[in-house]
Amino acid sequence: MEQKDFDFGLVGLGVMGRNFILNVADNKFKAFGYDLDPEKVSALIEEGGNPDQVNATSDLSTFVGALSTPRKIMLLVPAGKIVDQVIESLLPHLDQGDIIIDGGNSFYTDTDRREAYLKDKGLHFFGSGVSGGAKGARRGPSIMPGGDKEAYEHVRPIFEAVAAKYKGEPCVAYLGPKSAGNYVKMVHNGIEYAMMQLTSEIYDLLKKSADLSNDELHEVFSSWNQGRLQSFLVEITSEIFLQKDDLTDARLVDMILDKAKQKGTGKWTSQNAMDLGIPVPTIDMAVSMREISALKDERVKADELYDRPAVQHIEKAELIELAEKALYFSFILSYAQGLNQLAEASKEYGYELNMSQIAKIWRAGCIIRAGLLADIADAFEANPGLTNLLLAPSFVKQVQETLPAVRETVAFAAKSGVPVPGLFSALSYFDAFTSSKLPLNLIQAQRDHFGSHTYERIDREGIFHTEWGA
């Protein structure tokens, strides 16, 4: 192949990569793909239909040679060592000024390392989170680039064309230097973990305590998606309840084993929040519940050993109303915790994040897209220095209105023995965050008692220590 005028290259032609490159081609940019698997190469060429617009190869030199300079090469491969391996394989074929984009869920420190490594070789590198799954990649994802701003400008027209649109605005924006893009995507996934866990708890409560059928659950979640809970996750949840199983006469959701897998981004969010000293208990609990779900054999044995309380009876309509308010409250708290982590990480790592901008690019395309994000974007635009969504005047009334229902829902679930740890963590976080006085004075006294760790006083400045019992 002699022509060297393809605008965009992509390594990794799995479902996500193939859909993304077809999206690029649909938007009038010439795109060239690379994969070691000849079948994936053939599948892209066949689906693309026009090899002058979208093409692919399993030969690396052919791939790189087909691209116009500066070459713009995006990697959509699994995070970890394979990213470094692909980069090393590309290096002999690249020229100074070429651009490599990591579109996977790479850990943010790996992105910082790779950027420094390639900069020394005269190459541009930046990480760019992509959210929306395979369908989003094809129809328009939310894209979260950060790092080398000069390099991003070369790719910006392509990304703005392929990204999801919210009222005509592309759901992509340069977020900040270094690993800002991958970090924002990591926290996005942490919020996603929390929202998925909360949705599953509400489903469990409605099913066990009000005996809602799958058809009724579909109707409930579908109606919620028409209101203030409008979101991608609520929408697909409503669809899931209607899916029939191909192997039995049951609905598919009832035949799926209750063991949830994870790829690590939720755990990374949790771990890094602890490093920063930022509380994200609802995200933490979502990660823990996936780990508890993996203990299926132990859970079955424990279920046989302990009596459970009788399920409390409640009118369906009443529980549905309570559940809607509880889910809305807990969604707000999930965003509040994740965005608080982003605000603090921005200071710690020098990301210079614009929180309103982040909320805006999440309004369409991504997994956590929701109508609520428009209000969140407005809140941060009104106060760019806002550290926690719970401090935004526009959210005080919304949260306050739901609280009685949240407390009633949590109490009802506890009496019925239905686990709602995500919802309970959201409520506990709220109660702690909005308490001007917490019992941690006792913890400080304990620490000083057994370890001479000192304490501060409420009536004067300084650091104090007491010889307890002396």
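What volume does the largest pocket have? In this predicted model, the largest pocket has a volume of about 1,900 Å³, and a good way to become acquainted with this space is to look at the residues that surround it. Its lining is made up of 43 residues, and those lying nearest the centre of the pocket are Ser200, Tyr203, Asp204, Asp258 and Lys259.

Where in the chain does this lining come from? At least two of the lining residues are supplied by each of four helices, namely α8 (180–210), α10 (232–240), α12 (281–293) and α13 (296–305), and α8 gives the most to the lining of the largest pocket, with 10 residues. When the lining of the largest pocket is sorted by class, 22 of its residues are nonpolar, 14 are charged and 7 are polar.

We can now turn to the second largest pocket, which holds about 1,100 Å³ of space. This pocket is lined by 41 residues, of which Val77, Pro78, Ala79, Asn105 and Lys263 lie nearest its centre. Two or more lining residues come from each of α1 (15–26), α4 (81–90), β6 (124–131), α6 (133–139), α8 and α11 (265–276), and here α8 gives the most, with 6 residues. The lining of the second largest pocket also draws at least three residues from each of two domains, domain 1 (8–174) and domain 2 (185–434). By class, the residues lining the second largest pocket divide into 19 nonpolar, 15 polar and 7 charged.

A reader who follows α8 through the structure will therefore find the element that gives the most to the lining of the largest pocket and also the most to that of the second largest pocket.

Methods
Residues numbered from 1 in each chain as written. Predicted model: local features only at pLDDT ≥ 70, side-chain atom pairs only at ≥ 80, totals over all residues. Heavy atoms only, no water. 1 Å grid on protein atoms, 1.4 Å probe; cavity = no way out; pocket = protein on both sides within 12 Å on 5 of 7 lines; lining within 4 Å. Points joined across faces, edges and corners; volume = space filled by probe spheres on them. Nonpolar A, V, L, I, M, F, W, Y, C, P; charged D, E, K, R; others polar. Domains from an automatic or database assignment.
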